[in-house]
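I opened this one up to get my bearings before going back to the bench. Here are my notes, in the order I looked things up.

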Amino acid sequence: MAHSIITSSLAPAPIGPYSQATMANGTLYVSGQIALDQESGNLVNDSIELETHQVMKNLQAILSEAGMGFEHVLKCSIFVKDLNNFGRINETYGSYFTSNPPARETVEVSRLPKDVNVEISCIAAK
């Protein structure tokens, strides 16, 4: 199956052997994003809300590079270090999906890259 690599200069470069996203047959698979600010190179982790906003901005940059937006997202996977933050993450995340939110799962994990509190990946299609 042919696929293409999607890369946005507005989102952080991968920190390992993976692509920001791949597109195959009109479906976009976006790698997990953390709250790394592309301009400064710093993690945005002053609060779980700001951290989640930065993650969503990184996803948005990649979606935009592929000619899509949050309205094209079919499914998200959310990985959190502490489910006690779920309500605050959920409120921030939800502000990006004003109607017809995608399918999703939220999983608590013991550790995430760069010791962040939240990582989100998504699948989108036109």
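What follows goes from the overall picture down to single residues.

**Entry 1: the whole thing**

First, a reminder to myself: this is a predicted model. I went through the secondary structure and got two helices and six strands. Reading from the N terminus, I wrote the order down as β-β-β-α-β-α-β-β.

Next I checked the overall dimensions. The C-alpha trace spans about 40 × 30 × 25 Å along its principal axes. The radius of gyration is 14 Å, and a compact globule of 126 residues would come out near 14 Å, so the two agree.

I also looked up burial and surface. Buried residues account for 41% of the 126. The accessible surface is about 6800 Å², and carbon and sulfur atoms hold 49% of that. For contacts, I took residues at least 6 apart in sequence: 69% of those contacts join residues at least 24 apart.

**Entry 2: helix 1**

I picked helix 1, residues 48-65, and asked how far it reaches from its first C-alpha to its last. Its 18 residues cover 26 Å, close to the 26 Å expected at 1.5 Å a residue.

Which residues of helix 1 are buried? My list includes Ile-48, Val-55, Met-56, Leu-59, Ile-62 and Leu-63. Glu-51, Thr-52, Gln-54 and Asn-58 are also among them.

Then I looked at what those buried residues pack against. The partners are strand 1 (4-6), strand 2 (21-24), strand 3 (27-33), strand 4 (73-80), helix 2 (86-94) and strand 6 (118-125). After helix 1 comes Gly-67, and I noted that its phi is positive, near 75 degrees.

**Entry 3: strand pairing**

I started with strand 2 and strand 3, which run antiparallel and are joined by four bridges. Thr-22 stands opposite Tyr-29 of strand 3. The hairpin has two residues between the strands, and Asn-25 in this hairpin takes a positive phi near 50 degrees.

Strand 3 also pairs with strand 6, again antiparallel, through five bridges. One spot I marked there is Gln-33, whose bridge partner in strand 6 is Ile-120.

**Entry 4: Val-80**

Ile-120 turned up again when I moved to Val-80, which lies in strand 4. The two are 40 residues apart in sequence, and their C-alpha atoms are 8.8 Å apart in space.

Is Val-80 buried or exposed? Its relative accessible area is 1%, and buried means under 20%, so Val-80 counts as buried. I also pulled its contacts, leaving aside neighbours within four places in sequence. Val-80 touches Ile-89, Thr-106, Val-107, Glu-108, Val-109, Leu-112, Asn-117 and Val-118.

**Entry 5: aromatic rings**

How many aromatic pairs does a search of the whole structure find? I got three. The one I wrote up is Phe-70 with Phe-97, an edge-to-face pair at 5.3 Å centre to centre, with 75 degrees between the planes. This pair links distant parts of the chain, 27 residues apart. Phe-70 sits in the loop between helix 1 and strand 4, while Phe-97 is in the loop between helix 2 and strand 5 (103-108).

I checked burial for both rings' residues. Phe-70 has a relative accessible area of 9%, so I put it down as buried. Phe-97 is buried too, at 8%.

Last note of the day: Phe-70 and Phe-97 belong to one aromatic cluster together with Tyr-93 and Tyr-96.

Note on methods: Residues are numbered from 1 along each chain as its sequence is written. This is a predicted model: local features need pLDDT of at least 70, side-chain atom pairs count only at pLDDT 80 or more; totals for chains, interfaces and linings use all residues. Side-chain values use heavy atoms; hydrogens and water are left out. The expected span of a helix is 1.5 Å times one less than its number of residues. Buried means under 20% relative accessible area, exposed over 50%, partly exposed in between (1.4 Å probe, protein chains only). Contact means heavy atoms within 4.5 Å. Rings of Phe, Tyr and Trp (its six-membered ring) pair if their centres lie within 6.5 Å; planes under 30 degrees apart count as stacked, over 60 as edge-to-face and the rest as tilted. The radius of gyration is taken over C-alpha atoms; the globule rule is 2.2 Å times the number of residues to the power 0.38. Accessible areas come from the Shrake-Rupley method with a 1.4 Å probe; for residues, only the protein chains shown count as cover. Two strands pair if DSSP finds at least two bridges between them.
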